[in-house]
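Dear colleague,

I am passing on the structure below, followed by my notes on what came out of the analysis. Please read them with the coordinates open beside you.

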Amino acid sequence: LFTTQNHYQILETILSRITVFTLPPESRPNASAPVVEFLNSKDLMGQFQTTDVLDSEAKKNKDKAAIMHFVQQLITAAQSDPAFHTRLESLLQAHQDLKGNLNTKLVLERMVLRWQN
């Protein structure tokens, strides 16, 4: 038995040999208002402004920990609320791309644009 909040990071060879149980939403921490607002937003320009601020801060501090934390919060919120399940794939892809040192602004904007389809 092992637990994780990020089962998507486990190797496929291990995942294929285990059963994944997702805990019900009430057992997870509540998402902060800005995270839920970002996920709910239909305002593409507003979302781009948020991603610009995150990217600028990461460049200024030479550290993308805040971006990674924000995306992780988005993933947690999307996992716990069925209304956001359709956004999970793009969130998980963005998380992987950020870990792979791709351009942060491009990754975040692409993530938001995928939600528009």
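Thr51 is buried in this predicted model, with a relative accessible area of 1%, where buried stands for under 20% relative accessible area, exposed for over 50% and partly exposed for what lies in between, using a 1.4 Å probe and protein chains only. Thr51 belongs to helix α3, and, once its neighbours within four places in sequence are set aside, Thr51 is in contact with Phe38, Leu108, Glu109 and Val112, contact being defined as heavy atoms within 4.5 Å. Helices here are DSSP runs (H or I, at least four residues), as are strands (E, at least two), and both are numbered from the N terminus.

Two remarks on conventions belong here. Residues are numbered from 1 along each chain as its sequence is written, and side-chain values use heavy atoms, with hydrogens and water left out. Since the model is predicted, local features need pLDDT of at least 70 and side-chain atom pairs count only at pLDDT 80 or more, whereas totals for chains, interfaces and linings use all residues.

As to the overall picture, the secondary structure of the protein chain comes to 6 helices and 0 strands, and the order of elements from the N terminus on is α-α-α-α-α-α. Buried residues account for 37% of the 117 residues in the protein chain, and of the contacts between residues at least 6 apart in sequence, 64% join residues at least 24 apart.

Phe38, one of the contacts of Thr51, also takes part in ring pairing. The structure holds 2 aromatic pairs, a pair being rings of Phe, Tyr and Trp (its six-membered ring) whose centres lie within 6.5 Å, with planes under 30 degrees apart counted as stacked, over 60 as edge-to-face and the rest as tilted. The rings of Phe38 and Phe70 have centres 5.2 Å apart and planes at 75 degrees, so this pair is edge-to-face. Because Phe38 lies in helix α2 (residues 33–40) and Phe70 in helix α4 (residues 65–80), the pair ties together parts that are 32 residues apart in sequence, and both Phe38 and Phe70 are buried. The rings of Phe38 and Trp115 have their centres 5.7 Å apart with planes at 75 degrees, so that pair is edge-to-face as well. The pair of Phe38 and Trp115 links distant parts of the chain, with Phe38 in helix α2 and Trp115 in the segment after α6 (104–114), 77 residues apart, and both of these residues are buried. Through these ring pairs, Phe38, Phe70 and Trp115 are linked into a cluster.

Helix α4 is also involved in helix packing. Two packed helices are described by the angle between their axes and the distance between the axes. For α4 and helix α5 (residues 88–99), the angle is about 155 degrees and the axes are 10 Å apart, the axes being lines fitted to C-alpha atoms, for helices over the stretch in contact, with angles running from 0 to 180 degrees between N-to-C directions. The two helices α4 and α5 are therefore roughly antiparallel to each other (angles under 35 degrees count as roughly parallel, over 145 as roughly antiparallel, 65 to 115 as roughly perpendicular and the rest as oblique). On the α4 side the contact is made by Ile67, Met68, Val71, Gln72, Leu74, Ile75, Ala78 and Gln79, and on the α5 side by Leu88, Leu91, Leu92, His95, Leu98 and Lys99.

Ile67 appears again in the surroundings of Asp55, since, leaving aside neighbours within four places in sequence, Asp55 is in contact with Ile67, Thr104 and Lys105. Asp55 is found in helix α3 (residues 44–61) and, at 4% relative accessibility, counts as buried.

Lys62 offers a contrasting case, as this residue is found in the loop between α3 and α4 and counts as exposed at 75% relative accessibility. Most residues other than glycine have a negative phi, but phi of Lys62 is near 55 degrees, a positive value in a residue other than glycine.

Finally, Leu113 has its place in helix α6 and is partly exposed, with a relative accessible area of 42%. Apart from neighbours within four places in sequence, Leu113 is in contact with Leu44 and Phe48.

With best regards
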